[in-house]
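The exercises below are meant to be worked with the sequence and the coordinates side by side. Each task is followed by a solution that goes step by step.

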Amino acid sequence: MTPSHAPHSPSLAARIGRWSTRHRGFAIVGWLAFVLAALLVGSAVGTVHRNDDGSQHGDSKIGDQLTSKAFPDRADETVLVQAKDGSRARVTSPEFRATVGDVVHGVSGKPGVVDVQSPYAPGNGGQLSKDGRSALITFKIDDQDNKAEDRVDAVEDAVKAAGARHEALFVGQFGDASADKALSKAFSDDFGKAGMLSVPVTLIILVVTFGALIAAGVPLLLGVTAVVGTIGLLGPISHLFALDEFINEVVLLVGLAVGVDYSLFYLRREREEKARGRTPKDAVAIAAATSGRAVLISGFTVMVAMAGMLMAGDSTFTALGIGAILVVFVAMIGSVTVIPALLSGSGKWLERGKIPFLGKRMAASRARDVETGSRGWSLILDRVLRHPVVAIVSATALLLAMASPLLHMHTADSGTEAIPRSLPIMKVYDKMQAAFPGGEIPAGVVLHAKDVTSPKITAAVARMKRDALATGQVKQPITTQVSKDKTVMDISMPIVGTGTDDASNRALATLRGDVVPRFEHRAGVDAYVTGMTAGSKDFNDLMKARWPLVFAFVLTLAFVLLLMTFRSVVIPLKAIVLNLLSVGAAYGVLTWVFQDGHGEGLLNFHSTGSVTSWLPMFLFVILFGLSMDYHVFILSRVREAYDRGMRTEDAVAHGIKTTAGTVTSAAIVMVAVFGIFATLSYLDFKMMGVGLATAILVDATIVRAVLLPATMKLLGDWNWYLPTWLEWLPSLGHEEPARPRPGTRRADEHDAERELVGV
């Protein structure tokens, strides 16, 4: 019996697109009003950032919570006075003493400054270096109202003035408030550079893609407005859940990527249909029903991937996940409402601002692509489909080779080693570390008892200090502070190493595995080791414990979404495997370039011997989500052709050739934007940029142009296999138009597409 060709209901995307074209003005003005309102509300209420370290876990978190409750919230600051190279000045010389006295006098009495400790005061001998060339003045700045960074300005002025009066000696300041202030400015400058470069670079690539300024501006406009609207919405959200300081940068990265992607999907399909002779109305309707549907499916899949960050068990990841999910949702809504509205009344206006020669060339290229597909990609694809086994073996071998360094990947918090050493604040830090190893990154041993000054505990503390120094991994000065109610004691122990290197981790292991347990046995109380090294170790342990859960969550939900979209168990399984290959290749390149140090000269960094611990999980969820953009877009075209009667091999060739230009343009935009982050000064940003750019480049070339078509060619109709016991699943995507009888060619294309959009 011949299947019926009765019309079926248009898809959700088609209905939204039809509404937008019929209410064009309302859709456009409504979108702009939403963005403006979100921005105004966000500016009015402000954005609340976390004041505590939301990435603390384990013993370090318990210890820090005890100290934060027991002691006033204060920022520790230190001033280094040091004899310059070639100088004979020593800590015992009158000039040295006068300089120290000048600094002590200068900072004392400044707003919020308390507990100024001179190295010459009784019991402060640990603040004088063994070689007699350096001395430390320590003090604290009140931060209970989060104003320490404001108060530190006056203190820094006093320190600089003292240094100017004693030019024979070096005088420099480093501490919680001064470092936070300097690093925040450096990071802000870095992100400002990335933001300033991202928009013009994106525009240039889009102009080359479309050959016209107006057409190029549409994807950029959607991406930028989606980012602005999302940042505005995050303001009131932050009052419910405090956000990470760098949430806006993640929103910019993700929002610009998906906003440009989704706009390109629409624009290229609409222009393709016009080139086939469709009326503007029909071209927009077909684009809404096809590319619009792909945008909705892709958007929800990307949001599922981003939701993986919510499973990391860390408040920083949770905040970044909220921002990423929100900007994808906003960009998705904007693309299925505003873009059809803009296109419906376009006529010739999208072609305005044509670039001489380039506009005509791109128009001719689009006309050719409609008939034969992209010339360059067609050349590659034809060979891949002729020799699928060779293509699969070769491409898989290449990706596995790229991923092989992953086998020895070591993750660790990059700590202070990730910060550019050219910053003045870091030059002071390095001098302090050389003269007083571990002094600015000490381990803290925190204990809690009814009376931490009891004779038993006091004796045990004294013995613990001797034991720690005897290991050779703890240095002087060891300092102790006791809370007013005598229930909490915080013992600061400078440890060897840079804070996150092997030496520091061995020192931490010695404290936690030997010195502290012996103290606990003697004192009869629990003690917790805190500090940079402990916090890094605890966070790294959390990431290792959580990654199976995050991976399982993302992969499972992505499988279910793709299963219901394409009505196949093979398609989602293959998508997961291919995406994991591209992510693995990115991990391998990241390890080879940064951990092994092969990119030091090219990218201007010094290897820490590790990959920063937060990056692998972050890269996975971001890359998996963005990779699904291409996968869903390409497979939607393949399935569309297959549903109209093409053989699987022909449908694969047709789908990939007709989407190659769009995928290439979108990938170039993302690689360029992510590549900008590789030029920034902070090491973690360089890693993020290289990892993201590598994965997108691999995904858009080796995976989508070689592995995807080759595997689909070998599997044939098995690509669409769905067990009968799963046929009850609802369909999220394709309406399954009637298939022609076996052995016949496709039905009339015009009728099929009119049926597709319900007109």
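**Exercise 1: The surroundings of T648**

T648 is buried, with a relative accessible area of 5%, in what is a predicted model. Determine where T648 is placed in the secondary structure, and which side chain makes a polar contact with the side chain of T648.

Solution. Begin with the secondary structure, where T648 is placed in helix α21, which covers residues 648-677. Next, consider the accessibility: buried means under 20% relative accessible area, and the 5% of T648 therefore places this residue in the buried class. Then turn to the side chain of T648, which makes a polar contact with the side chain of D717 at 2.8 Å. Finally, list the contacts, leaving aside neighbours within four places in sequence: T648 touches Y642, M712, G716, D717, N719 and W720.

**Exercise 2: The packing of α20 and α21**

Describe how the axes of helix α20 (residues 615-643) and α21 cross, and state which handedness the crossing of α20 and α21 has.

Solution. Two packed helices are described by the angle between their axes and the distance between the axes. In this case the axes of α20 and α21 come within 8 Å and cross at roughly 160 degrees. Angles over 145 degrees count as roughly antiparallel, and α20 and α21 are therefore roughly antiparallel to each other. The handedness is the next step, and the crossing of α20 and α21 is right-handed. As for composition, the residues of the contact of α20 with α21 divide into 15 nonpolar, 6 polar and 1 charged.

**Exercise 3: Two residues with positive phi**

Find where D115 and R567 lie, and decide whether each is buried, partly exposed or exposed.

Solution. Most residues other than glycine have a negative phi. D115, however, has a positive phi near 55 degrees, and R567 has a positive phi near 50 degrees. D115 is placed in strand β2 (residues 113-117), whereas R567 lies in the loop between α17 (532-566) and α18 (570-595). The last step is accessibility: D115, with a relative accessible area of 39%, is partly exposed, while R567, with 15%, is buried.

**Exercise 4: From a residue pair to the chain**

How far apart are A37 and L233 in sequence and in space, and what share of the residues of the chain counts as buried?

Solution. A37 is found in helix α2 (residues 24-45) and, at 38% relative accessibility, counts as partly exposed. A37 and L233 are 196 residues apart in sequence and 9.2 Å apart in space, C-alpha to C-alpha. For the chain, 56% of the 759 residues count as buried, and the secondary structure comes to 23 helices and 10 strands.

How values were computed
Residues are numbered from 1 along each chain as its sequence is written. This is a predicted model: local features need pLDDT of at least 70, side-chain atom pairs count only at pLDDT 80 or more; totals for chains, interfaces and linings use all residues. Side-chain values use heavy atoms; hydrogens and water are left out. Helices (H or I, at least four residues) and strands (E, at least two) are DSSP runs, numbered from the N terminus. Buried means under 20% relative accessible area, exposed over 50%, partly exposed in between (1.4 Å probe, protein chains only). A polar contact is a pair of N or O atoms within 3.5 Å; within protein, one must be able to donate a hydrogen and the other to accept it, and residues adjacent in sequence count only if both atoms are side-chain atoms. Contact means heavy atoms within 4.5 Å. Axes are lines fitted to C-alpha atoms, for helices over the stretch in contact, and angles run from 0 to 180 degrees between N-to-C directions. Angles under 35 degrees count as roughly parallel, over 145 as roughly antiparallel, 65 to 115 as roughly perpendicular and the rest as oblique. A crossing is left-handed if the near helix is turned anticlockwise from the far one by less than a right angle, and right-handed if clockwise. Ala, Val, Leu, Ile, Met, Phe, Trp, Tyr, Cys and Pro count as nonpolar, Asp, Glu, Lys and Arg as charged, and the others, Gly among them, as polar.
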